[in-house]
Amino acid sequence: VEPQIDRVANIIEGSVAPNSLVLAQVLHLKTLKKMTTFQLDKMSDDSGHYAFDTTGRSISAAMTR
Amino acid sequence: VTVFTQRGNDIFGAIVIVPFVGVHDANNMVVGTANIGTDLVLELRNSHGDLKADVTAGAFPIFFGISLFEVSMYDDDGSAVYPVAGDVLTATLASDAVIAMPTSSLNGPASTDIVTGRCMPNVFFAVRAGVETFYGKTDSTGRFSFSGRLNGRLGSGYWLASGPSGAI
C-alpha cells in the first residue's frame with residue numbers, strides 16, 4: 001500500500017489488491033500558515049497498480065484551512 | 001500523503017511524507033525522508049564544485065509508515081564538514097533535491113524594533129521574536145525586512161526586547 005512519491009512529476013503510486021478502490025489524502029502546505037487538503041480516489045488496475053497524478057489539482061476541489 | 005484501500009472487511013493504509021531534505025547553515029547534520037527502497041546518497045560540494053563530503057543514509061521509522069533519515073557529514077579524514085554559503089547539497093531522493101546554501105543573516109536590534117535578515121530568495125519564512133511568530137516571504141534577492149513595531153500581519157504592535165527573552 002505504501003506509495004512511492006515522485007515529487008517532480010507529481011505522481012503518487014503503489015500497489016494494492018487488483019481492481020480495488022484506493023483513497024488518498026494529500027495535506028499540502030501552501031505557505032507556512034496555509035494548509036490545503038486534497039482528496040483523491042481511483043481503482044487499481046488488474047495488476048493492483050494505482051497512480052495519482054496531482055499535477056494542476058484545482059484549489060476549488062480542495063479544502064483550505 | 002495518506003493512502004487507504006479496503007479488501008473485504010479489512011482496511012489497509014499508509015502515511016508517508018513527500019521526500020525532502022533539510023540542512024542548516026554551519027551544521028553537519030542532515031535530516032529528511034525518502035521513498036522506501038531508495039539508495040540515498042548525499043553530496044556536499046563547495047562553490048567550485050569540489051567534493052566536501054559524500055555520505056549514505058538509511059531511514060528509521062518514527063510513526064506508522066513515516067520514516068526519517070538523519071546523517072552527519074564528515075570528510076575522508078573524519079572531520080565534520082559544515083555547509084556554508086555557496087555550498088551545494090544534493091540528495092538522490094529526488095532529481096530536484098539540490099540546495100544551494102544561501103548567504104544568511106538575522107538581526108533585530110531593540111533600539112529600532114526592526115528585524116532584518118537574509119536567506120533564500122522567494123521563500124516563505126517564519127521569524128520568532130520572544131513568544132511571537134511573524135510570517136513573510138523573501139524577495140528575489142533573499143532579503144526581508146519588517147518592523148516589529150508596525151507588523152500588520154499580526155494586527156498588533158510588538159516591541160523587541162534585549163536579552164534572552166527577546167531572542168529572535
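**Chains A and B: the interface and a sheet**

Reader: Which residue is the bridge partner of B:Phe63 in E8(B)?
Author: This is a predicted model, and the pairing to look at is that of E7(B) with strand E8 (residues 66–72) of chain B. Those two strands run antiparallel and share four bridges. In E8(B), B:Phe63 has as its bridge partner B:Ile66.

Reader: In what order do the four strands of that open sheet in chain B come?
Author: The pairing is antiparallel throughout this open sheet, and the twist from one strand to the next averages 30 degrees. Read across, the order is E3-E4-E8-E7.

Reader: Why is one side of E3 and of E7 in chain B left without a neighbour in the sheet?
Author: Strand E3 (20–23) and strand E7 (59–63) of chain B each have a single partner strand. One side of each therefore has no neighbour in the sheet, because both stand at the edges.

Reader: On to the interface, then. How much area do chain B and chain A bury between them?
Author: The size of an interface is often given as the accessible area lost when the parts come together. Here 26 residues of chain B are in contact with 22 residues of chain A. Carbon and sulfur atoms carry 62% of the buried area, and the total is about 2100 Å².

Reader: Which residues in chain B lose the most area to chain A?
Author: Three of them together make up 23% of what that side buries. They are B:Val1, B:Val3 and B:Phe124.

Reader: How far apart are the closest N and O atoms of the salt bridge between B:Asp96 and A:Arg7?
Author: The rule finds one salt bridge across this interface, and the cut-off for it is 4 Å. B:Asp96 and A:Arg7 form it, with their closest N and O atoms at a separation of 2.7 Å.

Reader: Which element gives the most residues to the side of chain B that touches chain A?
Author: Polar contacts between the two chains number seven residue pairs. Strand E1 (2–7), strand E2 (10–15) and strand E13 (124–129) of chain B each give two or more residues to that side. With six residues, the element that gives the most is E1(B).

Reader: And which residue in E1(B) stands opposite A:Val22?
Author: Strand E3 (residues 21–29) of chain A is joined to E1(B) by four bridges. The two strands run antiparallel. Opposite A:Val22 in E1(B) stands B:Thr5.

Terms used
Residues numbered from 1 in each chain as written. Chains lettered and ligands numbered in written order. Predicted model: local features only at pLDDT ≥ 70, side-chain atom pairs only at ≥ 80, totals over all residues. Heavy atoms only, no water. Contact = heavy atoms within 4.5 Å. Buried area = accessible area lost by both parts, 1.4 Å probe. Salt bridge = Lys/Arg side-chain N within 4 Å of Asp/Glu carboxyl O. Polar contact = N/O pair within 3.5 Å; in protein donor to acceptor, adjacent residues only side chain to side chain. Pairing = 2+ DSSP bridges. Axes fitted to C-alpha atoms, helices over the stretch in contact; angles between N-to-C directions.
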